[in-house]
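Visitor: Could you walk me through this model and tell me how its descriptions are earned?
Guide: Gladly, here it is.
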Protein chains: 2
Amino acid sequence: MNIGEAAEQRGLPAKTIRYYEEIKLVVPARSENGYRAYDGRDVNKLQFVQRARSLGFSVDDCRTLLSLYEDKHRASADVKAIAEDHLTEIEAKITELRTLRDTLKHLVDPCLGDARPECPIIDGLAGRTKGGGK
Amino acid sequence: MNIGEAAEQRGLPAKTIRYYEEIKLVVPARSENGYRAYDGRDVNKLQFVQRARSLGFSVDDCRTLLSLYEDKHRASADVKAIAEDHLTEIEAKITELRTLRDTLKHLVDPCLGDARPECPIIDGLAGRTKGGGK
DNA sequence: CCTTGACCTTCCAGTTACTGGAAGGATTAA
DNA sequence: TTAATCCTTCCAGTAACTGGAAGGTCAAGG
């Protein structure tokens, strides 16, 4: 099948699929006219990558996972290690964002948000502490 | 002061500070020898940007915030609007990451992580459901 | 006076994972 | 034959830096 059909089947932009070929992630055969020809196995790989990407795996992780996917003699430990690393990264990101959110909230909450210039947010960013140092 | 001193004072890489000039975020005067000359006001701006960036504001938001910082007639409402938008984005990101984490966890947990090839993570990514469809 | 080392300059390229668009060939239907 | 789709490749842009090369400037030491 041509790239358009593969794209539609998977709900991926053709541009993205071409990109995956460019970086040698999913490389289809070519028809005589030069068109990319995707077979069922290619489409499975596209689906695999699509799901891995949607779970936040990097394209590089996808490359490794894809090779494990294709390897009938893989050790599930290898897969699990990648996934656990990624999980740890996600947890770290969540923690970081929660901290950001809380800090930001403490600046935003006391801001009156009116027409006057006094602004705890600006003060906070400028490094001015609100407390009146006696 | 030269860029090196400003960089050290703020704990920012000189490269980053040059970049901020390139994008016209913090543009210092120049000495006769062509060196960048940062005065106290520039350093304050660098600090302001540094803090805003560390709170996750985009460089573009920083530009706007910086102009509000310098505007004695600003309305705090304008500042607050930007900060609240950003807060909303952060919340959305946290929610998204939590979903990712949970989904990933449900794939990782049942994986034995041994030398055998059977792997619920690979199966999940491949779109194979675990349940034995009777 | 000259050299060495630290500091400064500009410019170019690379990072991540695409996305948009231009120019032009292939295919299909009318 | 022509028009509408589809396909191709190639180039550029996104965000926010970061690394590195080639070369100018400056202060200290011999």
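Visitor: What makes a residue count as near DNA strand C, and which of the residues around DNA strand C come nearest?
Guide: A residue is near if its C-beta atom, placed from the backbone, lies within 6 Å of the strand. Of the 18 residues around DNA strand C, the nearest are Asn33(A), Ser58(A), Asn2(B), Gly4(B) and Arg36(B). This is a predicted model, where local features need pLDDT of at least 70 and side-chain atom pairs pLDDT 80 or more, while totals for chains, interfaces and linings use all residues. Residues are numbered from 1 along each chain as its sequence is written, with chains lettered from A and ligands numbered from 1 in the order in which they are written.

Visitor: Why is the relation of chain A to chain B called a two-fold axis?
Guide: Superposed by least squares on C-alpha atoms of residues with pLDDT of at least 70 in both copies, chain A lies on chain B with an RMSD of 0.0 Å after a turn of 180° and a shift of 0.0 Å along the axis. That is the relation of a two-fold axis. In chain A, the C-alpha of Ile94(A) is nearest the axis, 2.9 Å from it.

Visitor: How do you know that H1(B) is roughly perpendicular to H2(B)?
Guide: Both are helices, meaning DSSP runs of H or I with at least four residues, numbered from the N terminus. Their axes, lines fitted to C-alpha atoms over the stretch in contact, are compared by N-to-C direction on a scale from 0 to 180 degrees. H1(B) and H2(B) pack at about 110°, with axes 9 Å apart. Roughly perpendicular covers 65 to 115 degrees, so H1(B) is roughly perpendicular to H2(B).

Definitions and conventions. Helix = DSSP H or I, 4+ residues; strand = E, 2+ residues; numbered from the N terminus. Parallel < 35°, antiparallel > 145°, perpendicular 65-115°, else oblique.
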